[in-house]
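Colleague: Could you take me through this model, and show me how each label follows from its definition?

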Amino acid sequence: MSKRCRLQLQHSTTEDSYCETHLEPLELFCDDDQVTLCSKCLQAQDHEHHAVYSVQVAAEKYRKLFQEILNLLREKVEVAKSILADEQERMMMIQEEQRNFKVIIESEYRIKFQLLREENEMKFLRLQGCKFDLNMREANQNHLMRLATEVEEKSQKMLQRLDSWGRENMNKLKESEAKVSEHLCSLRELTTELEKQCGHPAAALLQNARYCLERNESLLLQSLVPARITHLSLCQIKRMTKMLTVHRKHITLDPKTAHPCLAFSEDLRTVRFGNIQQDVPGNPGRFDFSASVLGAESFSSGKHYWEVAVDKATQWQLGVYRDCSADNKDNMPEASPDKFLLIGSMMGPDYTFWVFPPLKKIHLQKEMQKVGVFLDYENGHISFYNVTKRSLLYNFSRLGFQGALRPLFSLCIPNGDINSDSLTICPLPVSS
């Protein structure tokens with residue numbers, strides 16, 4: 001380095017370290033005014049009541065504050081990264097859910113039309129009697145066409161609503177993704193700047209120290225909230241068809257298949273927890289893992305419907321179970337492809353629902369009293385209904401059933417105190 005350059009650098013360093021007014025070393029820092037001072041500056045009335053520290057003490061104070069903010073910034077970065085990943089995952093999930101609910105809506109209206117057609121044919125046969133009436137047959141065909149049109153219109157209207165909600169949800173999630181990405185970028189930039197600031201010497205660290213603090217603090221005060229979207233399960237199919245009652249079956253429980261902790265009413269329609277685990281005879285078909293029991297009836301064809309009162313149970317499972325071979329001891333729902341379940345869990349006045357398979361959460365509903373289960377063997381269809389609201393909860397469609405199917409009822413095994421949970425199969429309505 002030339003002599004001239006060395007002199008310029010020395011002169012610059014001296015100017016930076018000395019007070020321009022008093023030519024004294026700048027060894028003090030006024031926290032109120034955010035300026036460095038010499039000892040003579042301190043004697044001026046301008047700083048009489050201000051908080052003044054040595055440059056080294058002030059720098060250490062701010063270095064600690066910066067380090068605390070750095071820790072918070074890093075935590076915020078991790079939170080923002082997590083929210084961003086969640087929003088991106090929700091975008092993929094919402095597309096999958098929309099496809100899933102489209103299948104549910106289409107299959108439910110297809111089954112609904114089949115039931116309406118059956119109902120129409122039964123009415124036609126009753127009206128026609130033994131006579132052949134061409135006009136009556138034509139009128140019946142016209143009525144059937146009107147029914148088909150009406151069901152198709154309702155189906156399309158529901159699908160349009162589902163599509164609209166899906167687009168709105170996707171737009172909200174994309175906006176949220178952009179907002180979180182921008183926030184994350186700002187957090188990372190400030191983190192980098194603050195890390196550099198902490199590495200500076202004392203005098204350089206104190207330059208714009210308060211501004212740096214305020215800028216970081218304002219960003220830390222901003223909170224990220226995930227996008228609020230409309231759950232697609234709210235696109236419910238209302239008005240259960242009355243034709244379900246035609247297929248309603250008398251169902252009772254089969255104690256030979258029950259877990260030893262379960263007890264039954266005399267009419268074998270109510271299952272609850274017993275006071276003690278019972279000593280029951282061994283049975284290859286008995287549930288020895290979950291607090292479950294099968295219905296005594298089995299179905300290998302046809303349409304079948306039954307209702308279960310769930311209002312006295314906090315956790316339960318309802319569905320159908322393939323009548324497995326006697327040596328099959330796999331009773332875990334997670335491992336078995338032979339169960340199709342609706343799973344309810346009550347938290348306060350609300351029910352959270354899952355379905356299996358695969359195990360997934362579907363939606364939240366207010367207090368539930370009765371669940372209807374409909375099985376259409378030939379069409380490979382199972383539907384679950386909220387009987388009180390007469391609305392669809394969920395359905396499985398296009399299943400390939402093999403062998404006999406039996407109703408399944410399950411309670412969660414209680415922990416500690418005796419649980420008073422119970423499920424009751426609703427009796428058939430009395431014919432008038």
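Colleague: How do you know that strand E1 and E3 pair, and in which sense?

Modeller: Strands here are DSSP runs of E with at least two residues, numbered from the N terminus as helices are (H or I, at least four residues), and two strands pair if DSSP finds at least two bridges between them. Strand E1, residues 28–30, shares three bridges with E3 in the antiparallel sense, and Phe 29 stands opposite Tyr 53 in E3. This is a predicted model, in which local features need pLDDT of at least 70 and side-chain atom pairs pLDDT 80 or more, while totals for chains, interfaces and linings use all residues. Residues are numbered from 1 along each chain as its sequence is written, and side-chain values use heavy atoms, without hydrogens and water.

Colleague: What makes strand E2 and strand E3 edge strands?

Modeller: The three strands form an open antiparallel sheet in the order E2-E1-E3, and strand E2 (35–37) and strand E3 (52–54) each pair on one side only.

Colleague: Why is Asp 254 called buried?

Modeller: Buried means under 20% relative accessible area, exposed over 50%, and partly exposed in between, with a 1.4 Å probe and protein chains only. Asp 254 has a relative accessible area of 15%, so Asp 254 is buried.

Colleague: Why is there no bond between the sulfurs of Cys 212 and Cys 198?

Modeller: A disulfide is a pair of cysteine sulfur atoms within 2.5 Å. The sulfur of Cys 212 lies 8.2 Å from that of Cys 198, its closest cysteine sulfur, and is therefore too far for a bond. A search of the whole structure finds zero disulfides.
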